[in-house]
Amino acid sequence: HLAGHGRKECGFIWNASDSATAQREFDVDAISLAIGSVAGRNGPMECAVLNACSTEKMGRLLLQRGVPYVLCWRTCVQDETAKELCGHFYRALVENTSGARDYGQAFLAATNALRASAHTGGSKKNPRGEKDVT
């Protein structure tokens, strides 16, 4: 799980000093290669959560390099919304009593819960993963 801030052009950014007055770009190619080299298709890393704005580029690189499941953001996201989505995602993983980690189902449960919240203006009608029966 990586949380922080990101920009579309470079992925993650980090503070260049403790005072947070300057930022430096995160080399997403290098970090994706490093993570992917230990991930493997059935390796020790099952899922990567990139909880920052515009982390899709890094997410796609991680998928290409062997991380089977990646949760990332295509767009900018408010801090509270990102935090809430992860809370729902991890809760769904923990509450799954099947003994298997179903990352796809956890993602659907998290996005459904988020759509129902005031942060997105979503509604409980037609949550993701369910067909419109009307």
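This is a short tour of a predicted model, going from its nonpolar cores to its salt bridges.

**Stop 1: the largest core**

Select Leu85 and Phe89. These two residues have the most contacts inside the largest nonpolar core, which has 15 residues. Now add helix H3 (79-95) and helix H4 (103-115), the elements that give two or more residues to this core. Of the contributors, H3 gives the most, with 6 residues.

Keep Leu85 selected and show its surroundings. What does Leu85 touch, leaving aside residues up to four places away in sequence? The list is Leu71, Trp73, Ala110, Thr111 and Leu114.

**Stop 2: another core**

Apart from the core around Leu85 and Phe89 lies another one, of 9 residues. To find this second core, select Ala39, Leu61, Leu62 and Val67, which are among its members.

**Stop 3: a salt bridge between loops**

Next come the charged side chains. How many salt bridges does a search of the whole structure find? The search finds 3.

Begin with Arg101 and Glu46, whose side chains meet in a salt bridge at 3.1 Å, N to O. This pair links distant parts of the chain, 55 residues apart. Arg101 sits in the loop between H3 and H4, while Glu46 sits in the loop between helix H1 (28-39) and strand E5 (47-51). Is Arg101 buried or exposed? Its relative accessible area is 56%, so Arg101 counts as exposed. Glu46, at 33%, is partly exposed.

**Stop 4: the network at Glu56**

Select Glu56 and Arg60. Their side chains meet in a salt bridge of 2.9 Å, N to O. Both belong to helix H2 (residues 56-64), and because they are 4 residues apart there, about one helical turn separates them. Arg60 is partly exposed, with a relative accessible area of 48%; exposed would require over 50%.

Leave Glu56 selected and add Arg74. The side chains of Glu56 and Arg74 also form a salt bridge, at 3.4 Å, N to O. Here the partners come from distant parts of the chain, 18 residues apart: Glu56 is in helix H2, and Arg74 is in the loop between strand E6 (69-71) and H3. Arg74 has a relative accessibility of 59% and therefore counts as exposed.

To finish, show Glu56, Arg60 and Arg74 together. Salt bridges that share partners join these three residues into one network.

Terms used
Residues numbered from 1 in each chain as written. Predicted model: local features only at pLDDT ≥ 70, side-chain atom pairs only at ≥ 80, totals over all residues. Heavy atoms only, no water. Core = buried A, V, L, I, M, F, W, Y, C linked by side-chain atoms within 4.5 Å. Buried < 20%, exposed > 50% of the residue type's maximum accessible area, 1.4 Å probe, protein only. Contact = heavy atoms within 4.5 Å. Salt bridge = Lys/Arg side-chain N within 4 Å of Asp/Glu carboxyl O.
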